[in-house]
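The following exercises are to be worked with the sequence and the model at hand. Each task is followed by a solution in steps.

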Amino acid sequence: MNRRKFLRNIALSAAALSSPISFSAFGEPTKKVARSGKLNLSFEPYELKLRHSFNLAKYSRTTTPDVQVRLEYDGIIGYGEASMPPYLGESVNSVTSFLSKLDLSQFSDPFRIEDIHEYMETVAPDNRAAKASVDIALHDLLGKIMGQPWYKIWGLNPDKAPDTSFTIGIDKADVVRKKVDEASPYNVLKVKMGLDNDKELVDIIREKTNRPICVDANQGWDNKEKALEMCYWLAERNCLFVEQPMPKEKIDETAWLRERSPLPIIADEFLQRLPDVRRASQAYDGINIKLMKSTGMHEAYKMAILAKSLGMKVMLGCMTETSCAVTAAAQLSPMVDWADLDGNLLIANDIFDGIKIINGKVTIPERPGIGIIPL
């Protein structure tokens, strides 16, 4: 049985199991029911195929390892995902090993989000993408039980969701031109940098378009003076901000750069989870929150609130992921200044329908939970 048929059968089975409960078109229960089930977790590996080679300052790849997760409670299915690009330090084996250790059947109330997260922390440290996969599935499940998307549960206005950037990776000139053409529906371009041809890359893009760009150096600029010179050069070329310009260990140098740069400096690799937000405020203007780093939606929401309280800018990013994790992240998008939610657009084998980009803007589906349906 192929992957798509497998997911479709799971969805049909869930509908059959929950048939005693009447649901509206969006999955909202039309009558109150007593729930007495337990959480049942299942998962399987799924390799993501990239449309183009993904070239960064320090490595290149054409696939991303991934694990798809399902969390079932009283016949309702929540979907989750763990995506593992190399720098996270996780793998299919580490994720499936962690998930195999979980006993979520001990939780008869799926609304105990804090308790479930505390339990996962006791099972093993780190494993952030693995924990995120459970968290995303749990939020999808709870939203379906409540019959509401999470942006509504959080009280957010979807009209405030920003444009998303579209990533232009490091590549040969002709490939870069092709990628810029493919990115014509998007209002902001994200440019990967960190090599010796950074200026050449921007010049090629500027031959094609003057749309705003944001730059991600992926720790590729080792010298603070060079980094400052690049920030001034980019500021003259309609750049919005620079993400992780220097190695994450160079905190003092980054603080020096932040004080002098005409562009905001955003933390990515430097920042993982909630305790890192205050540290980041000492050297960066803003943070890039990603579900695979933050252990999911629960902590990402807290990170965004804390960053805003500290006067920081907030960017919402993603890995190369299916529409499952990207749409989950999109639920937070009305809270942020910038979004980089194109991970599902960079793969050739998506298995969900979810987030849409309309006129360059993040558009959150009007569906309960995280807003996805299996294809």
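**Exercise 1. State which residues of helix α12 are buried, and describe the span of the helix.**

Solution. The model is a predicted one. Step one is to list the buried positions of α12, which are Met-297, His-298, Glu-299, Ala-300, Met-303, Ala-304, Leu-306 and Ala-307. Step two recalls a general point: an α-helix has 3.6 residues a turn, so residues three or four places apart point the same way. Step three turns to the span. Helix α12 covers residues 297-309, 13 in number, and reaches 18 Å from its first C-alpha to its last. This is close to the 18 Å expected at 1.5 Å a residue. Finally, Gly-311, just after α12, has a positive phi of about 75 degrees.

**Exercise 2. Locate Asp-126 and Asn-218, and decide for each whether it is buried or exposed.**

Solution. Begin with the backbone. Most residues other than glycine have a negative phi. Asp-126, although not a glycine, has a positive phi of about 55 degrees. Asn-218 likewise has a positive phi, near 50 degrees. Next, place the two residues. Asp-126 belongs to the loop between α3 (113-123) and α4 (128-146), and Asn-218 to the loop between β8 (213-216) and α8 (224-235). Last, apply the cut-offs, under 20% relative accessible area for buried and over 50% for exposed. Asp-126 has 52% relative accessibility and therefore counts as exposed. Asn-218 has 8% and therefore counts as buried.

**Exercise 3. Determine how many disulfides the structure holds, and examine Cys-239.**

Solution. The count of disulfides is zero. For Cys-239, the nearest cysteine sulfur is that of Cys-214, 7.0 Å away. A disulfide requires two cysteine sulfur atoms within 2.5 Å, and Cys-239 is in none. As to burial, Cys-239 has 8% relative accessibility and so counts as buried. Cys-324 is also buried, with a relative accessible area of 0%.

**Exercise 4. Classify the ring pair of Tyr-79 and Phe-352, and state which parts of the chain it ties together.**

Solution. There are seven aromatic pairs in the count. In the pair of Tyr-79 and Phe-352, the ring centres are 5.4 Å apart and the planes stand at 65 degrees, so the pair is edge-to-face. Tyr-79 lies in strand β5 (residues 76-83) and Phe-352 in strand β14 (residues 352-353), so the pair ties together parts 273 residues apart in sequence. Both Tyr-79 and Phe-352 are buried. Two further ring features may be noted. Trp-150, Trp-154 and Tyr-301 form one aromatic cluster, and Lys-224 lies over the face of Trp-256, at 4.7 Å from the ring centre.

**Exercise 5. Describe the surroundings of Ala-132.**

Solution. Ala-132 lies in helix α4 and is buried, with a relative accessible area of 0%. Setting aside neighbours within four places in sequence, its contacts are Glu-81, Leu-291, Met-292, Thr-295 and Gly-296. From Ala-132 to Glu-81 the C-alpha distance is 7.3 Å, while the two are 51 residues apart in sequence.

**Exercise 6. Summarise the protein chain as a whole.**

Solution. First, the chain has 13 helices and 17 strands. Second, 58% of its 375 residues are buried. Third, of the contacts between residues at least 6 apart in sequence, 69% join residues at least 24 apart. Fourth, the chain exposes about 14,900 Å², and carbon and sulfur atoms supply 51% of that area.

Key
Residues numbered from 1 in each chain as written. Predicted model: local features only at pLDDT ≥ 70, side-chain atom pairs only at ≥ 80, totals over all residues. Heavy atoms only, no water. Helix = DSSP H or I, 4+ residues; strand = E, 2+ residues; numbered from the N terminus. Buried < 20%, exposed > 50% of the residue type's maximum accessible area, 1.4 Å probe, protein only. Expected span 1.5 Å × (residues − 1). Contact = heavy atoms within 4.5 Å. Areas by Shrake-Rupley, 256 points an atom, 1.4 Å probe, with all protein chains shown as cover. Phe/Tyr/Trp six-rings, centres within 6.5 Å; stacked < 30°, edge-to-face > 60°. Lys NZ or Arg CZ within 6 Å of the ring centre and 35° of its normal.
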